[in-house]
Amino acid sequence: MTREIAVVAFAQTDHRRTSDELSEVEMLMPVLHEVLDRTGLKTSDIGFTCSGSSDYLAGRAFSFTLALDGVGAWPPISESHVEMDGAWALYEAWTKLLTGDTDTALVYAYGKSSPGSVRDVLTRQLDPYYVAPLWPDSVALAALQAQALIDEGYTDEPALAAVAARSRADAQANSHAQLRGSVPHGEYVVHPLRTGDCPPIGDGAAAVILAAGDRARELCERPAWIRGIDHRIEAHSLGVRELTDSPSTRLAAEKAGAFERPVDTAELHAPFTSQEVVLRKALRLGDDVRVNPSGGALAANPIMAAGLVRIGEAAARIHRGESDRALAHATSGPCLQQNLVAVLEGEPRHVQ
Amino acid sequence: MSSEPVAVVGIGQTKHVAARRDVSMAGLVREAAQRALTDAELTWADIDAVVIGKAPDFFEGVMMPELYLADALGAVGKPMLRVHTAGSVGGSTALVATNLVRSRVHATVLTLAYEKQSESNAMWGLSLPIPFQQPLLAGAGGFFAPHVRAYMRRSGAPDTVGSLVAYKDRRNALLNPYAHLHEHDITLEKVQASPMLWDPIRYSETCPSSDGAVAMILTDRAGAGRAPRPPAWLHGGAMRSEPTLFAGKDAVSPKAGQDCAADVYRQAGIADPRRDIDAVEMYVPFSWYEPMWLENLGFAAEGEGWKLTEAGVTELDGDLPVNMSGGVLSTNPIGASGMIRFAEAALQVRGLAGEHQVDGARRVLGHAYGGGSQFFSMWLVGSEPPTS
């Protein structure tokens with residue numbers, strides 16, 4: 001793995017509770033234009049395109065095929081799709097760039113949660129024979145995890161409330177966030193999780209451009225170099241997992257080189273306050289690490305794009321010179337079943 | 001930087017049938033994966049990462065099933081990717097897996113594709129209403145039949161060609177123990193007498209709905225050196241996509257398919273596909289797509305593909321055998337169908353295809369397509385390692 005790959009541009013929508021007036025393609029188009037404009041590239045300049053989305057949010061099979069129309073895939077392009085969060089699409093694009101086949105990649109992801117009941121929809125990703133028929137919803141499962149953390153003494157309800165307050169205060173500075181400023185911690189949704197412990201339900205899209213080596217330096221003043229990226233999955237059944245820990249996150253972080261030197265920033269995909277507790281522990285993040293300066297998934301959680309947004313936000317801080325070494329994390333599945341960790345670095349700022 | 005050579009050292013598939021009521025989805029994929037490991041004489045511990053593909057989640061009613069299948073595929077503690085590129089997904093999934101090896105991120109990767117259509121109803125899954133879009137209403141056949149009719153008009157092909165393909169593929173399937181349809185009493189007359197479904201496509205010229213899974217073990221040069229049986233070597237692989245519907249699209253011979261094949265041939269050093277490629281496993285869900293793809297892939301000039309079929313060139317003992325396994329016409333677990341083409345191509349160059357083996361198959365093309373003829377993935381595998 002000798003090739004250097006960097007995130008050179010990032011764009012996202014304003015994340016909103018509903019976007020009834022927009023199709024997925026219409027929601028995505030401005031983001032694609034924006035990320036291309038940031039580099040001056042056109043669709044035909046891009047060597048590889050990869051996206052992440054889910055048919056179950058759209059409520060129909062092959063929903064991603066229409067998004068391709070938005071990309072403008074003519075003449076035909078080299079393109080692929082993961083039925084996962086866009087963070088994994090970025091991983092696929094990263095391996096493609098490592099092979100040396102191409103120097104640039106466009107990665108995008110989108111999700112509209114507003115047309116359905118996302119708590120019900122997510123039950124369909126559980127074991128279809130033994131668990132899904134019971135319809136245990138995503139908040140209830142996260143609440144089991146939160147209660148386990150409280151029972152083990154890792155956190156308590158006031159500490160969780162503080163995570164929520166900090167995230168939403170930070171989101172004040174993020175014009176794309178769905179929930180900004182002080183938001184009441186609220187009533188219990190599923191004990192011990194209150195409204196403030198849960199992510200907003202919303203629609204949104206994000207896009208990133210990756211480039212290799214000198215191409216990255218041409219396209220971006222301060223590229224966010226991907227020093228390592230890895231992802232790991234755990235067993236599906238909650239009954240065989242230690243819910244208060246995240247061994248898959250720890251292993252992915254180790255393989256990505258996250259523990260070799262301290263990071264100054266971490267963008268964590270923790271849709272629930274309690275999951276930030278688990279991730280901080282697994283990633284050994286101290287209090288000196290700036291966690292979720294964007295407000296994180298508690299401020300905006302466009303499903304299938306939220307993980308890619310974490311990588312984009314971390315990269316954008318490096319682009320702006322606000323971070324030198326940042327960690328970005330994405331998750332999939334109930335109670336943090338699958339986790340991806342990327343380590344991004346900017347070149348030292350005193351070098352012109 | 002040159003990429004790592006990739007070898008296929010293990011292949012496993014299930015016996016494809018209309019309904020595998022004896023196994024869960026997890027049981028089905030486990031069976032194929034275990035057979036691939038057995039072929040490679042490897043264990044679950046030898047696998048560094050898993051790449052899984054299938055067609056829409058709606059076909060079984062499970063959202064992102066890779067989460068549930070992690071345990072069954074020995075992926076716990078490992079990286080697991082889930083690819084979905086419509087009907088081409090089986091091919092794309094294999095290519096994503098090859099890139100993990102080519103980039104030297106991982107040494108040995110398990111890739112698998114499946115569909116358990118009996119859990120739901122694919123026709124329903126394809127017919128959900130879409131706001132602001134013309135509905136397909138009649139599944140895939142309703143979409144593709146006009147394109148077949150356009151091909152017949154453009155090429156002047158006699159209307160008997162489609163039945164010849166179906167008759168050939170169903171006879172080939174009799175030699176493949178894993179094929180779904182084993183029609184021992186098949187005759188050309190029976191194909192031609194079968195009911196018209198979507199004019200000009202007859203019932204016997206369409207693919208069945210299957211439950212099934214296929215798995216492959218991909219590894220690097222060092223892994224290939226340890227393989228107990230001959231490996232298949234990757235000589236070229238590519239994906240191409242174009243929009244579903246637009247005025248400039250040629251639905252009979254999409255440019256994405258032509259470009260994808262050209263990229264594969266360039267990588268593999270193929271100057272004349274008709275001469276340099278020994279056999280083809282191509283994605284033919286409706287019989288007329290054999291002559292159409294022969295042209296699209298460069299095996300025949302425009303308007304000439306049907307002549308190869310009619311002359312028997314694509315028969316198992318012909319000069320360019322096509323769909324030796326029986327093809328998609330005989331076995332269609334949709335999300336797996338593309339990877340079955342890739343795996344059958346690899347079996348041929350390994351010399352392990354059994355009764356449907358083509359003598360001396362050294363370079364074989366595996367082909368998949370999906371969506372409204374808009375997604376293409378292909379690979380060319382050889383019995384010898386690539387020279388460059």
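**Notebook: the A/B interface, cysteines and salt bridges**

I began with the interface of chain A and chain B in this predicted model, and the search returned 17 residue pairs in polar contact across it, both residues at pLDDT 80 or more. I then looked up which elements of chain A contribute: α2 (55-58), α3 (64-71), β3 (79-82), α4 (86-98) and β8 (224-233) each supply at least two residues of the side that touches chain B. Of these, α4(A) gives the most, with seven residues. I sorted the residues on this side of chain A by type and obtained 26 nonpolar, 17 polar and twelve charged.

Next I checked the extent of the interface. I found 55 residues of chain A in contact with 55 residues of chain B. The two chains bury about 5000 Å² between them, and 65% of that lies on carbon and sulfur atoms. I noted that A:Y56, A:Y129 and A:I233 supply 13% of the area that chain A buries against chain B, more than any other three residues.

I counted one salt bridge between chain A and chain B. I identified a pair formed by B:R102 and A:D101, with the closest N and O atoms 2.7 Å apart.

**Cysteines**

I searched the whole structure for disulfides and found zero over all chains. For A:C335, I recorded the nearest cysteine sulfur, that of A:C198, at 12 Å; A:C335 itself is buried, at 7% relative accessible area. I also examined B:C260, whose closest cysteine sulfur is in A:C50, and the 15 Å between them is too far for a bond. B:C260 is buried as well, with a relative accessible area of 0%.

**Salt bridges over all chains**

I obtained a count of 55 salt bridges over all chains. I looked first at B:R350 and B:D39, whose side chains meet at 2.8 Å, N to O. B:R350 lies in helix α14 (residues 334-350) of chain B and B:D39 in helix α1 (residues 25-40), so this pair ties together parts that are 311 residues apart in sequence. I noted both B:R350 and B:D39 as buried.

I then took B:K116 and B:E119, which form a salt bridge with the closest N and O atoms 3.0 Å apart. Here B:K116 is buried at 2% relative accessibility, whereas B:E119 is partly exposed at 30%.

I entered one further pair, B:K190 with B:D185, at 3.0 Å between the closest N and O atoms. B:K190 is partly exposed, with a relative accessible area of 41%.

Finally, I traced salt bridges that share partners and found one network joining A:E4, A:D214, A:R217, A:R227, A:R261, A:R325, A:E345 and A:E347.

Methods: Residues are numbered from 1 along each chain as its sequence is written. Chains are lettered from A and ligands numbered from 1 in the order in which they are written. This is a predicted model: local features need pLDDT of at least 70, side-chain atom pairs count only at pLDDT 80 or more; totals for chains, interfaces and linings use all residues. Side-chain values use heavy atoms; hydrogens and water are left out. Contact means heavy atoms within 4.5 Å. Buried area is the accessible area (1.4 Å probe) that two parts lose on being put together, summed over both. A salt bridge is a side-chain nitrogen of Lys or Arg within 4 Å of a carboxyl oxygen of Asp or Glu. A polar contact is a pair of N or O atoms within 3.5 Å; within protein, one must be able to donate a hydrogen and the other to accept it, and residues adjacent in sequence count only if both atoms are side-chain atoms. Helices (H or I, at least four residues) and strands (E, at least two) are DSSP runs, numbered from the N terminus. Ala, Val, Leu, Ile, Met, Phe, Trp, Tyr, Cys and Pro count as nonpolar, Asp, Glu, Lys and Arg as charged, and the others, Gly among them, as polar. A disulfide is a pair of cysteine sulfur atoms within 2.5 Å. Buried means under 20% relative accessible area, exposed over 50%, partly exposed in between (1.4 Å probe, protein chains only).
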